[in-house]
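Please open the structure in your viewer, with the cartoon shown and side chains ready to be switched on. The stops below say what to select next and what is to be found there.

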Amino acid sequence: MGGSQGSKPEAPEELRIMLIGKTGAGKTSIMNTFLGKAAVTKNSFASDEAPCTTETAPFGNQRLVLADTLGLCHTSKSKEEVLSKLIASTFQFDSEQGPHVFLYVHRWEDGFTTHDVERVKVLRRIFGKEAMRYFFLLITHIDGDLSGGQKNQIRKFIKKVGFKTQKYCVINNRGNENRKTKEQKELVKEINEMVENNKLRNYTKEMFEHAQEVLRNQIQKSKTQRQMGAGDQHVATVAKALLSPVLPADFVTVVLQANVWLATKFDNCLT
């Protein structure tokens, strides 16, 4: 018999999770926790020209496809390269369909700074306002339970950056196995609920291209435009190599110019 009208859609068999966050936030540790082993090393991006590291982990009745992206504020990569890798990573799963969720990983260091807020707003410019319903916040490196004050800071941060869901999860990377398992189950449960609210739809390339058109209009009106010079040749070569496999050829230059503008205008929060 068919399900009743209005019944919830089933969770996807393959749940695509893209981990985003500042370098040192704990993305790689989270990925390894789901894999149950140290399958991914923290230095995997040092010489690897691939946009991201992707691994698959069984979890309950689902298959989690986890993409560990290059950290924002990376110390040995240019900001333009980091942004280009992030965009290329979005469509590593599929040529048209991106992740079910952008899992934004934040390392707790007594709350959130202005730069933490601005960093997420850069992502909103890149992926568009519509992408905010695909973002979910994960807090790492909190020992014990959250205090009332900490919960209030998290709620304020979610409101400021524009995430559509008010929910979030906490994982203590150094916790014991029982606690980690409990926290993992809670995280996947909350992600699945968000995916159900999004009617199981992935973030799409069409959404990204629309977001970039909006961003291009903002740049054209901006007083901080910067044209690429001869010194940017290496940046352009690397970015084109990353973006060309996943974006239309005539769109790569548009995206690269946007990344240069973002790297210049938001230098402080991306350093």
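Begin by selecting strand S4, residues 101–107, in this predicted model; the strand is mostly covered, since six of its seven residues are buried. On one side S4 pairs with strand S1, residues 14–21, in the parallel sense and over five bridges, and if you want a single position to centre on, Gly21 has Val105 of S4 as its bridge partner. S4 is also joined to S5 by six bridges, and these two strands run parallel; here the residue to pick is Tyr104, whose bridge partner in S5 is Leu137. Follow the chain from S4 through helix H3, residues 114–127, and you arrive at S5 by a β-α-β crossover that is right-handed.

Keep Leu137 selected, for this residue also has a bridge partner in S6, namely Tyr168. Strand S5, residues 135–140, and S6 pair in the parallel sense over four bridges, and the chain passes from S5 to S6 through helix H4, residues 148–161, in a β-α-β crossover that is again right-handed. Now select S6 itself, residues 168–171, and show its side chains. Are its two faces covered or exposed? Both are covered: Tyr168 and Val170 lie on one side, Cys169 and Ile171 on the other, and these four residues are all buried. In a regular strand, side chains alternate between the two faces of the sheet.

While helix H4 is in view, select Gln150, which lies in it. Its relative accessible area is 19%, so Gln150 counts as buried, the cut-off being under 20%. If residues up to four places away in sequence are left aside, Gln150 touches Trp108 and Asp145.

Next, widen the selection to the whole sheet. What is the order of its strands? The six strands form an open sheet in the order S2-S3-S1-S4-S5-S6, with mixed pairing. Its edges are strand S2, residues 52–59, and S6, each of which pairs on one side only, and from one strand to the next the twist averages 25 degrees. To look at another of the pairings, select S1 together with strand S3, residues 62–69, which pair in the parallel sense over six bridges; within this pair, Glu14 has Arg63 of S3 as its bridge partner.

Two helices are worth adding to this view. Helix H1, residues 27–35, lies across S1, S2, S3, S4, S5 and S6, and runs at about 35 degrees to S2. H5 packs on the sheet as well, touching S1, S2, S3, S4, S5 and S6, and its direction makes about 160 degrees with that of S6.

Turn now to the charged side chains, among which the structure holds 12 salt bridges. Select Lys79 and Asp267, whose side chains meet in a salt bridge with an N to O distance of 2.9 Å. This pair links distant parts of the chain, with Lys79 in helix H2, residues 79–90, and Asp267 in the segment after helix H8, 249–265, the two being 188 residues apart. Both partners are partly exposed, Lys79 at 23% relative accessibility and Asp267 at 31%.

For a second pair, select Arg133 and Glu130, where the N to O distance in the salt bridge is 3.1 Å. Arg133 is partly exposed, with a relative accessible area of 23%, and Glu130 is likewise partly exposed, with 39%.

A third pair is found by selecting Glu190 and Lys167, whose closest N and O atoms are 3.5 Å apart in a salt bridge. Glu190 sits in helix H5, residues 177–197, and Lys167 in the loop between H4 and S6, so that the pair, 23 residues apart, links distant parts of the chain. Is each partner buried or partly exposed? Glu190 is buried, at 10% relative accessible area, whereas Lys167 is partly exposed, at 40%. Extend the selection to Lys189 and Glu193, and you have the network in which salt bridges with shared partners join Lys167, Lys189, Glu190 and Glu193.

Finally, return to the whole chain, which has eight helices and six strands. Read along the sequence, these follow the pattern β-α-β-β-α-β-α-β-α-β-α-α-α-α. Of the 271 residues, 53% count as buried, and the chain exposes about 13500 Å², of which carbon and sulfur atoms supply 46%.

Terms used
Residues are numbered from 1 along each chain as its sequence is written. This is a predicted model: local features need pLDDT of at least 70, side-chain atom pairs count only at pLDDT 80 or more; totals for chains, interfaces and linings use all residues. Side-chain values use heavy atoms; hydrogens and water are left out. Buried means under 20% relative accessible area, exposed over 50%, partly exposed in between (1.4 Å probe, protein chains only). Two strands pair if DSSP finds at least two bridges between them. A crossover is right-handed if, with the strands pointing away from the viewer, the path from the first strand over the helix to the second runs clockwise. A salt bridge is a side-chain nitrogen of Lys or Arg within 4 Å of a carboxyl oxygen of Asp or Glu. Accessible areas come from the Shrake-Rupley method with a 1.4 Å probe; for residues, only the protein chains shown count as cover. Contact means heavy atoms within 4.5 Å. Axes are lines fitted to C-alpha atoms, for helices over the stretch in contact, and angles run from 0 to 180 degrees between N-to-C directions.
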